[in-house]
Structure formats: structure tokens, C-alpha cells
Amino acid sequence: MTTSTRKGRAVDPERIYDLLLGARTASEATLHFRDGRILRGALVFNQFKGTGRLINVDEEISVDFGVDEIRDLKF
């Protein structure tokens with residue numbers, strides 16, 4: 001599959017990794033998952049394992065994720 005045949009806005013995993021590293025200091029982040037979920041909350045990211053957790057205290061949600069599950073990230 002070439003880049004031009006991908007559906008939607010596919011983001012390079014390295015770019016997602018860099019965004020996650022930058023978002024660690026943000027008070028809130030919005031994660032767009034590949035499965036269509038969009039969640040907002042505080043972000044904890046382990047750069048060595050490539051995993052993280054999104055925590056939304058107001059909605060009482062805590063979601064673990066891997067870098068490969070993320071489509072896009074806003075903060």
C-alpha cells in the first residue's frame with residue numbers, strides 16, 4: 001500500500017511519538033484513535049515502552065494505549 005492509497009489522514013508513527021513527548025507538559029490532550037474514538041484528558045506517556053495512559057477525572061475515564069493505536073493528537 002502506498003502513501004497515496006491510504007484512507008483518511010494517516011499520520012506517521014514517528015510524528016505521533018514526537019507529539020506524545022511534547023504533550024507530556026500539556027494540561028490536557030485530545031487523542032484520536034485509529035478505531036474512531038476521540039478522548040480528552042491528562043496524558044501520561046512512557047517513551048521507552050511506547051505506551052501511555054489518558055486520564056479524564058471529570059468523566060472518570062482512564063484508557064491505556066500504545067503509540068500504534070493513535071491516529072492523531074491535539075493539545
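Start by selecting Arg 37 and Asp 35: they form a salt bridge, with the closest N and O atoms 3.0 Å apart. Keep in mind that you're looking at a predicted model. Color by accessibility and the two partners come out with different labels: Arg 37 is partly exposed at 33%, while Asp 35 counts as exposed because its 56% is over the 50% cut-off.

Keep Arg 37 on screen and add Val 63, since the two touch. Val 63 sits in strand β4, residues 61-66. Is Val 63 buried or exposed? It's buried, because its relative accessible area of 14% falls under the 20% limit. Now show its neighbors: besides Arg 37, Val 63 touches Phe 33, Leu 39, Gly 52, Arg 53 and Leu 54, leaving aside residues up to four places away in sequence.

Pick Arg 53 out of that group. Its C-alpha is 5.4 Å from that of Val 63, although the two are ten residues apart in sequence. Then select Asp 64, whose side chain meets that of Arg 53 in a salt bridge at 2.6 Å, N to O. This pair ties together distant parts of the chain, with Asp 64 in strand β4 and Arg 53 in strand β3 (residues 51-56), eleven residues apart. Arg 53 itself is partly exposed, at 37%.

Next stop: Arg 40 and Glu 28, another side-chain salt bridge, at 2.9 Å from N to O. Arg 40 belongs to strand β2 (residues 38-46), and Glu 28 to the loop between α1 (13-23) and β1 (29-33). Both are partly exposed, Arg 40 at 48% and Glu 28 at 39%.

Finish with Arg 15, Asp 72 and Lys 74, which are linked in a salt-bridge network. Across the whole structure, a search turns up five salt bridges.

Key:
Residues numbered from 1 in each chain as written. Predicted model: local features only at pLDDT ≥ 70, side-chain atom pairs only at ≥ 80, totals over all residues. Heavy atoms only, no water. Helix = DSSP H or I, 4+ residues; strand = E, 2+ residues; numbered from the N terminus. Buried < 20%, exposed > 50% of the residue type's maximum accessible area, 1.4 Å probe, protein only. Contact = heavy atoms within 4.5 Å. Salt bridge = Lys/Arg side-chain N within 4 Å of Asp/Glu carboxyl O.
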